[in-house]
Amino acid sequence: MLDTNSLKPLYIQLEAEIRQALREKKYLPGDRLPSEEKLCEQYQVSRITVRKAIQQLTDQHILEKHRGKGTFVSTPSRSIDLKEQSGFTNYLSAIGHKSHHLLLKKELQPSDDFLCETLSLQPNEPVCYVQRLIFEDDSPLALDEIYISSLTYPDFLDRITGDISFYELLTNYYNISRGESVCEIAVRIANAEQASILHCQAGDPLFLLQKTCFAVDGTPIHYSRSLVRGDRISYTIRTQNLNTQFISNINN
């Protein structure tokens, strides 16, 4: 219960109570808080007090409001180096988080002109198509689509499952050594279907990450297209100091 005799405003006390609940892991990132009505009953305060405390925590990005769904504990944003090729599974494991995949679709599709050019395929050559939802712990993070040659990688659709890393499968079963990747990143707005899948709001920003991965000999391995929640991930680009390198070459 809050102290009504305290000089400290009730909404400040309630804010502190919610912070303490978060520290004690009563609510985890991505969890929905009780409704305003339930918080009023639990702490014996008015709805105005609850709304002011929630707003304070929302302004500090500790909580986030989803229209029509409620108030949720914010999930910290992650920064990924664009040079990183190990995929979400290995990246999240390295920072102490779990990742798993939910397979939404896997099927053979005829290659179109774009895939023929990108993956060096013959016209209408079949490709394996996999769509999966990638989670950080229990919260959806990205919607991933993968295209890979079914002739070069036989049995791929049988071997790709929700509990195996795509890149581990390439390395351990197909003995593929990856070389460079070409990435293109853009921003899209989540439509209603994407928002429902990724547990965000329609109109929220999403990163569209398109990547073509090559083997060490330059042969295309796969093309992927990922929609990543913009409030959960940021991307880092590292560059060399070209001016310094240029001056060094002149002096030499």
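In this predicted model, the side chains of H66 and E64 are joined by a polar contact of 3.0 Å. H66 belongs to strand β1, which covers residues 63–66. Is H66 buried or exposed? With a relative accessible area of 12%, H66 is buried, since the cut-off for that label is under 20%. Setting aside the neighbours within four places in sequence, H66 touches F72, H199 and Q201.

Moving on to the aromatic rings, a search through the whole structure turns up seven aromatic pairs. Take Y129 and Y147: the ring centres are 5.1 Å apart and the planes meet at 50°, so this pair goes down as tilted. The two tyrosines come from distant parts of the chain, 18 residues apart, with Y129 in strand β5 (residues 126–136) and Y147 in strand β6 (residues 139–149). Both rings belong to residues that are tucked away: Y129 is buried at a relative accessible area of 5%, and Y147 also counts as buried, at 9%.

Y147 has another aromatic partner to show, namely Y223. Here the centres are 6.0 Å apart and the planes are at 35°, and this pair is tilted too. Y223 sits in strand β9 (residues 220–229) while Y147 is in β6, so the pair ties together parts that lie 76 residues apart in sequence. Y223 is buried as well, with a relative accessible area of 4%. Which residues make up the aromatic cluster around Y129, Y147 and Y223? F114 joins these three tyrosines to form one cluster.

The strands carrying Y129 and Y147 deserve a look of their own. β5 and β6 run antiparallel, and ten bridges join them. One link between the strands brings the story back to the rings: the bridge partner of Y129 in β6 is Y147, the tyrosine with which Y129 forms the tilted pair. Between the two strands of this hairpin there are two residues, and D137 takes a positive phi near 55°. How many of the eleven residues of β5 are buried? Ten of them are, so β5 is largely enclosed by the rest of the structure.

A ring can also meet a charge, as Y167 shows. The charged end of R178 sits over the ring of Y167, at 4.1 Å from the ring centre.

Terms used: Residues numbered from 1 in each chain as written. Predicted model: local features only at pLDDT ≥ 70, side-chain atom pairs only at ≥ 80, totals over all residues. Heavy atoms only, no water. Phe/Tyr/Trp six-rings, centres within 6.5 Å; stacked < 30°, edge-to-face > 60°. Helix = DSSP H or I, 4+ residues; strand = E, 2+ residues; numbered from the N terminus. Buried < 20%, exposed > 50% of the residue type's maximum accessible area, 1.4 Å probe, protein only. Lys NZ or Arg CZ within 6 Å of the ring centre and 35° of its normal. Pairing = 2+ DSSP bridges. Polar contact = N/O pair within 3.5 Å; in protein donor to acceptor, adjacent residues only side chain to side chain. Contact = heavy atoms within 4.5 Å.
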